[in-house]
Amino acid sequence: NSVDAAKIYRSKRHDGRRRWAISKLYASSMRSFGLSTKDINGCPKLFEKKAYDALELKSVDWFIDAEAMLKAKELGLAIQEEPAIMSARRGGRSKVNWKTCLEFVRNIREWKQKR
């Protein structure tokens, strides 16, 4: 079988409660668009050049992962997913907070308006 892209999904995560809840809400909203990928933001994402060029990505913020997966679905690209264990954070804090949630809502609203 030929695939257009390959990506990982985090099969085991070490997130705090807040990040876990935000991630569940995010995944649920992505499923409302028909995305069945297990982890929208799982990285790395590797694309065949032809498939990547077809995506014509425009996002300049963290929504680029969602945009890539939404457009890949629209184009009918074949995506292979492989599991990966996410290690516990060794330092620093998650960048996901209420501001990124608002940014996500804005991006989704814009995405819906364009469709």
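Does Thr-37 count as buried or exposed, and what is its relative accessibility? Here is a quick note on that and a few other spots.

1. Start with Thr-37. With a relative accessibility of 18%, Thr-37 counts as buried, because the cut-off for that label is under 20%. You'll find this residue in the loop between helix 1 and strand 2. Please keep in mind throughout that this is a predicted model.

2. What does Thr-37 touch, once its neighbours within four places in sequence are left aside? The answer is Lys-7 and Glu-81. With Glu-81 there is also a polar contact between the two side chains, at 2.4 Å.

3. Now step back to the whole fold. The protein has four helices and three strands, and reading along the sequence gives you β-α-β-α-α-β-α. The radius of gyration is 14 Å, close to the 13 Å that the globule rule gives for 115 residues, so the protein is as compact as a globular protein of that length. If you want a feel for the dimensions, the C-alpha trace spans about 35 × 35 × 25 Å along its principal axes.

4. A word on contacts and burial. Take the contacts with a separation of 6 or more: 77% of them come from residues 24 or more positions apart. As for burial, 30% of the 115 residues count as buried.

5. The surface and the charges come next. The accessible surface is about 8100 Å², and carbon and sulfur atoms hold 53% of that. On the charge side, there are 26 positive and 14 negative side chains. The centres of those two sets lie 8 Å apart.

6. Lys-71 deserves a look. This lysine sits in helix 3, which covers residues 64–75. Is Lys-71 buried or exposed? Lys-71 is buried, because its relative accessible area is 13% and the label applies under 20%. Setting aside residues up to four places away in sequence, Lys-71 touches Leu-55, Glu-56, Leu-57, Lys-58, Trp-111 and Arg-115. A polar atom of the Lys-71 side chain lies 2.8 Å from the backbone oxygen of Glu-56. For a sense of distance across the model, the C-alpha atoms of Lys-71 and Ser-2 are 19 Å apart, with their positions 69 residues apart along the chain.

7. That brings us to Glu-56, the partner of Lys-71 in that 2.8 Å pair. Glu-56 is in the loop between helix 2 (49–55) and helix 3. Glu-56 is exposed, with a relative accessible area of 52%, whereas Lys-71 is buried. Check the backbone here too: phi of Glu-56 is near 45°, a positive value in a residue other than glycine. Most residues other than glycine have a negative phi, and most peptide bonds are trans.

8. Speaking of peptide bonds, which form does the one from Cys-43 to Pro-44 take, cis or trans? The bond is cis, with omega near 15°. Pro-44 belongs to the loop between helix 1 (17–31) and strand 2 (45–47), and Thr-37 lies in the loop between helix 1 and strand 2 as well.

9. Have a look at Ile-79 in strand 3, residues 79–85. What label does Ile-79 get at 30% relative accessibility? Ile-79 counts as partly exposed. Along the chain, Ile-79 and Val-3 are 76 residues apart, yet their C-alpha atoms are separated by 5.8 Å. Beyond residues up to four places away in sequence, Ile-79 touches Ala-5, Lys-7, Met-69 and Ala-72. You met Lys-7 earlier as a contact of Thr-37.

10. Last stop is helix 4, residues 98–114, where Asn-107 is found. Asn-107 is buried, with a relative accessible area of 7%. Apart from neighbours within four places in sequence, Asn-107 is in contact with Asp-61 and Phe-63. Cys-101 is in helix 4 too, but counts as partly exposed at 27% relative accessibility. How far apart in space are Cys-101 and Glu-81, C-alpha to C-alpha? They are 25 Å apart, with 20 residues of separation in sequence.

How values were computed: Residues are numbered from 1 along each chain as its sequence is written. This is a predicted model: local features need pLDDT of at least 70, side-chain atom pairs count only at pLDDT 80 or more; totals for chains, interfaces and linings use all residues. Side-chain values use heavy atoms; hydrogens and water are left out. Helices (H or I, at least four residues) and strands (E, at least two) are DSSP runs, numbered from the N terminus. The radius of gyration is taken over C-alpha atoms; the globule rule is 2.2 Å times the number of residues to the power 0.38. Buried means under 20% relative accessible area, exposed over 50%, partly exposed in between (1.4 Å probe, protein chains only). Contact means heavy atoms within 4.5 Å. Accessible areas come from the Shrake-Rupley method with a 1.4 Å probe; for residues, only the protein chains shown count as cover. Lys and Arg count as positive and Asp and Glu as negative; His and the chain ends are not counted. The place of a charge is taken as NZ of Lys, CZ of Arg, CG of Asp or CD of Glu. A polar contact is a pair of N or O atoms within 3.5 Å; within protein, one must be able to donate a hydrogen and the other to accept it, and residues adjacent in sequence count only if both atoms are side-chain atoms.
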